[in-house]
Structures are given as structure tokens and as C-alpha cells.
Amino acid sequence: MKKLIFGAAVMIGSLTYAQSFGIKAGVNVATMSEKGYKETNARVGFNAGVFANLPLGSSFSIQPEVLYSQQGSKTKDVIAGKEFSDVLKLDYVSIPVMFQYKIVPQFYLEAGPEFNFLASAKNETKLGGHTGELELDSKYFNKFNFGLGLGAGFDITSNLGVNARYVFGLTDVTKEDPTYPVVNKEKHRLGTFQAGLYYKF
């Protein structure tokens, strides 16, 4: 029993020693699912936050993150000869939990769930040279959104690396609106491509 306890203590100690923390930032390219938003284009934004990398062995690790993530969609049109754009700005506090597998020491693949909590919902319109922004009522949007992330990363140095990830939104970002029963039938899911840099301390 003493040997077992001692072995567990050594293992926990080695994992604690090997864990690393860091910061990351990058670009988001977010789109809304075609159902309900057939003419939408991508909204380009950013993501930034912190992470902890916890080794589970020589090749496996788990990486929880806390990010501020700009998502949403964009619609373009021409009205009376003037360019018109409508941007749905949905910003989230995102908590991805990625399970990473190292194919080689510098390159890894990752997959895992992402938990998103709505921070703000705004609508920006542009017509010609005029711009307006409106705070949207949060009652029309679900405060929680769940997704699945798949990606890969490469350690350029022992501290600096690059990462790319696509997050598939699995839940509806909008709530049912009794005023528009037809819209209730449509599911609005987000899909977000992310690419950026990370730095481990």
C-alpha cells in the first residue's frame, strides 16, 4: 500500500511539473448554417484567451481554454444602387476542452467539446457611407451554445506555436419567437474556423 501511494504521488508530481500554461490569440471566420440564413457570408473577428496544457502521458494531453470569441454572420446586398451589409455580432466566452495527440513531438491533432456562453448580441448595418449598431434583445438568443472542435497545431519552438481549429456548432443559437412561428422551424447553428498563435510559459 505504501509503495502504491508513493508511486501515485510521484506520478502526480511529474504531471504537475510537466504541465504548462499559456496565452493564445487568432482570427475567427464564422458562418451561420444555411437553414434560415441562406444568403449569409462569413463574419471575420478574433479570439483571445488563456489555456493550461496537462499531459496524460508521453503522447496525450488535455488542454482546457478560456477564450473571448467573436462569431456571427454577415449579409450583403445592393439597395437603390448602394451597397448594404448587415452583420450579426454574437460574442461568446468560450471554454474548449481539447484532447490532444502528438503524432511527432512538434505536431499534434486535437478534438473535444466547446462550451459557449453568450456575452453580447449586436446588429450592425451599413448603407453607403452610413453605419448604425443596435444592441439586440438577448431573449431571442440562447445564452448557451455547444460545439465540437477539431484541429491541429505545431510547436515552432518550445514556447511558440501555431494552431488551426474548426468548431462545429451543434445547438441552435436562437430561441423560438412566437411572433414568427415559421422562423421557429429553422435551426441556426454556427460554424467557426480559427487560426492563430499560442505562447507557453
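The largest cavity in this predicted model holds about 60 Å³ of space. A search of the whole structure turns up one cavity of 30 Å³ or more. Its walls are formed by K24, A25, G26, N47, N163, R165, Q194, A195, G196 and L197. Three elements each give two or more residues to this lining, namely β1 (residues 20–32), β9 (160–169) and β10 (190–200). Of these, β10 provides the largest share, with four residues. Sorted by class, the lining of the largest cavity comprises five polar, three nonpolar and two charged residues. As background for picturing such a space, rolling a probe the size of a water molecule over the atoms shows where empty space is left.

Pockets, which are open, can be described in a similar way. The second largest pocket has a volume of about 190 Å³. A set of 14 residues lines this pocket, and those nearest its centre are N53, P55, S61, K102 and K200. Two or more lining residues come from each of β3 (43–55), β4 and β5. Here the lining divides into seven polar, four nonpolar and three charged residues.

It helps to step back and look at the chain as a whole. The protein chain contains one helix and 10 strands. Reading from the N terminus, the helix comes at the start and the strands follow, in the order α-β-β-β-β-β-β-β-β-β-β. The chain has 201 residues, of which 35% count as buried. Contacts often link distant parts of the sequence: among those between residues at least 6 apart, 63% join residues at least 24 apart.

Attention now turns to the interior. The largest nonpolar core is made up of nine residues: M32, L88, L90, Y92, L118, A121, F141, V173 and L190. Strands β5 (82–104) and β6 (107–127) each supply at least two residues of this core, and β5 gives the most, with three. A general tendency offers some context: in soluble globular proteins, nonpolar side chains tend to be buried together.

Within this core, Y92 is a helpful residue to follow. Leaving aside residues up to four places away in sequence, Y92 touches L67, Y68, S69, Q71, N116, F117, L118, A119, N145, V173 and L190. Among these partners, L118, V173 and L190 are themselves members of the largest nonpolar core.

Which strand holds G72? This glycine is found in β4, which spans residues 60–79. Is G72 buried or exposed? G72 counts as buried because its relative accessibility is 0%, and the cut-off for being buried is under 20%. Apart from residues up to four places away in sequence, G72 is in contact with A30, T31, M32, R43, L88, L90 and L190. Several of these partners also belong to the largest nonpolar core, including M32, L88, L90 and L190. The C-alpha atoms of G72 and A121 are separated by 9.0 Å, and the two residues lie 49 residues apart along the chain.

A charged residue completes the picture. E124 is found in strand β6. With a relative accessible area of 16%, E124 is buried, since this value also falls under the 20% cut-off. The side chain of E124 is joined to that of K89 by a polar contact of 3.0 Å.

Technical notes
Residues are numbered from 1 along each chain as its sequence is written. This is a predicted model: local features need pLDDT of at least 70, side-chain atom pairs count only at pLDDT 80 or more; totals for chains, interfaces and linings use all residues. Side-chain values use heavy atoms; hydrogens and water are left out. Buried means under 20% relative accessible area, exposed over 50%, partly exposed in between (1.4 Å probe, protein chains only). Contact means heavy atoms within 4.5 Å. A nonpolar core is a set of buried Ala, Val, Leu, Ile, Met, Phe, Trp, Tyr and Cys residues joined through side-chain atoms within 4.5 Å. A polar contact is a pair of N or O atoms within 3.5 Å; within protein, one must be able to donate a hydrogen and the other to accept it, and residues adjacent in sequence count only if both atoms are side-chain atoms. On a 1 Å grid over the protein atoms alone, a cavity is a set of points where a 1.4 Å probe fits but cannot get out, and a pocket is an open set with protein on both sides within 12 Å along at least five of seven lines; lining residues have an atom within 4 Å of a point. Grid points are joined across faces, edges and corners, and a volume is the space filled by probe spheres set on the points. Ala, Val, Leu, Ile, Met, Phe, Trp, Tyr, Cys and Pro count as nonpolar, Asp, Glu, Lys and Arg as charged, and the others, Gly among them, as polar.
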